[in-house]
Amino acid sequence: MPADLTAILLPASPRGPNPNDIINVVAQNSPHPVWVRLAPLLKVGLHQLEVLEGNSGLPSVAPALVEALSKNDGKALFLHVNQQAKQALLHAFEDGVEVQNFTGEPGEEFEKQVLPLCGCTVEEMLASDDGTRLGFGQAASRTAALVRGRLVLVPAGTPTGMSSFIFHDRGHDVVPAGETKDGEEEEDHSRVAFFAFDNDLITKAWNELPGKQLAQVIGSAPREVLGPLFSMREPIAKVLSELEGPPGKELQQPLNHLRAFEMLAMSHAAVFTGGDSSRYLDQRVLPLLAIGDATAIIDDDQEAKELEAMDSILSAMVEVLPCPKPPGGYGQLLESLGNGEVDALAPWAKPGEAYEGIIFRIKPERLLKEVRALDGAKVAQRLDQFCRALYEARHGVPPKEEIYLGWRAAFEERSTPDIERFLTDWAELRIVLEIATLNKLTLGLVVYHG
């Protein structure tokens, strides 16, 4: 367990506030989104509260939060210990007033300050935790996120520094409007991003709330939530504001209503993957997840030579490893998503009729199973299995292991950008799928142009 700690310590109930009250105070005094971990340290009678900035996963504790947690005859202690940097900070509040502070280094003098305030040492606090806290960058047990007024449960191990709570595009393969790349057609430049949202909530609001009230929701949604729909925010909100009743009760649902419904979905999104080229997702990420442990079949030396000349191991793997078709065969939206796994977002859409939406609901079961089946060790194993098959098809069995490893190292070096891109897309997809499953949210896919 790390010897460092950045947290707010509170007396456990009944001497201190109950967990719900603590979360409410955090929600009222922290800029959203934030990661929140509230861990009971039963052996020492404390609650350990950690608040992390949503996009970076780094500590985000304002003095106003510690002050607010100590009000109404309460106590709250902010503690920061960084052994490597030799930093130790302490700010103790009682009933909204700072009563004690310390700035210096970890050591005997610091512990003399901590012990009477907490009734235990920092080491005893750390020993009372459950051992899942691995430092910044990865969620421990009992972690949740406060996202746009919603408390979202988070699985332990979730990466916390990937800007998961805002729409973001990683920028790979973006081609300026009107230009082509490597002979591609303009229509090949579509991009996609997955996100998780509360479909039941927005459907109910669409059918029950007045259009002008929904217009306020859309009109206040920021760019980092609406993403590619942001440029249409003002005109769409204006159309809705002119409706006295719920738009879902209207006899006609024109394109403006479809865009408004899509904006509601984005506005109520809890978590996003990074946007990427639809071609890369469809022809690289999803196939590599579906391939599993398939064995490479390389026909002859010429094919092996062509594979070896490719700029990425991953592109070579996709070229020859057998990839199963999605359920029901190749899909119309993306080949790697079967038509049965894709639904229109709008509840009024009718099968067989033209649909002009850019957001779709995706059935997550198969994707979740495939992203869970992969980890760092399996990635390394599959790369080695494929590389050995390719080397032997091209060069024969090497007389020494060092020769193969040297060849593979050179191939991996030029494949590094592609491997890192794949791993990022895989990790972000898993975050969205796991959080959607844990919180019973709907998986969405937005298709747009960069």
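**Exercise 1. The sheet**

Determine the order in which the 8 strands of the open sheet are arranged, and which strands stand at its edges.

*Solution.* In this predicted model, the strands follow the order β6-β5-β4-β1-β3-β2-β7-β8, with antiparallel pairing. The edges are held by β6 (97-104) and β8 (150-153); each has a single partner strand, so one side of each is left without a neighbour in the sheet. On average, neighbouring strands are turned by 20° against each other, direction ignored.

Next, take one pair from the sheet. Strands β1 (residues 5-11) and β3 (residues 46-53) run antiparallel and are joined by 4 bridges. Within this pairing, L9 has Q48 of β3 as its bridge partner. Finally, helix α1 (residues 19-29) packs on the sheet, where it touches β1, β2, β3, β7 and β8. The direction of α1 makes about 25° with that of β3.

**Exercise 2. Two helices**

Classify the crossing of helices α8 and α9, and identify the residues in contact.

*Solution.* The axes of α8 (residues 233-241) and α9 (residues 255-267) come within 10 Å and cross at roughly 110°. Angles of 65 to 115 degrees count as roughly perpendicular, and therefore α8 is roughly perpendicular to α9. The contact involves R233, I236, V239 and L240 of α8, together with N256, R259, A260 and M263 of α9. By class, these comprise 5 nonpolar, 1 polar and 2 charged residues.

**Exercise 3. The nonpolar cores**

State which residues have the most contacts inside the largest nonpolar core, and which helix gives the most to it.

*Solution.* The largest nonpolar core has 62 residues, and L289, I362, F386 and F422 have the most contacts inside it. Helix α15 (residues 401-438) gives the most, with 13 residues. A second, separate core of 31 residues includes F195, A265, I358 and I359.

How values were computed. Residues numbered from 1 in each chain as written. Predicted model: local features only at pLDDT ≥ 70, side-chain atom pairs only at ≥ 80, totals over all residues. Heavy atoms only, no water. Axes fitted to C-alpha atoms, helices over the stretch in contact; angles between N-to-C directions. Parallel < 35°, antiparallel > 145°, perpendicular 65-115°, else oblique. Contact = heavy atoms within 4.5 Å. Nonpolar A, V, L, I, M, F, W, Y, C, P; charged D, E, K, R; others polar. Core = buried A, V, L, I, M, F, W, Y, C linked by side-chain atoms within 4.5 Å. Buried < 20%, exposed > 50% of the residue type's maximum accessible area, 1.4 Å probe, protein only. Pairing = 2+ DSSP bridges.
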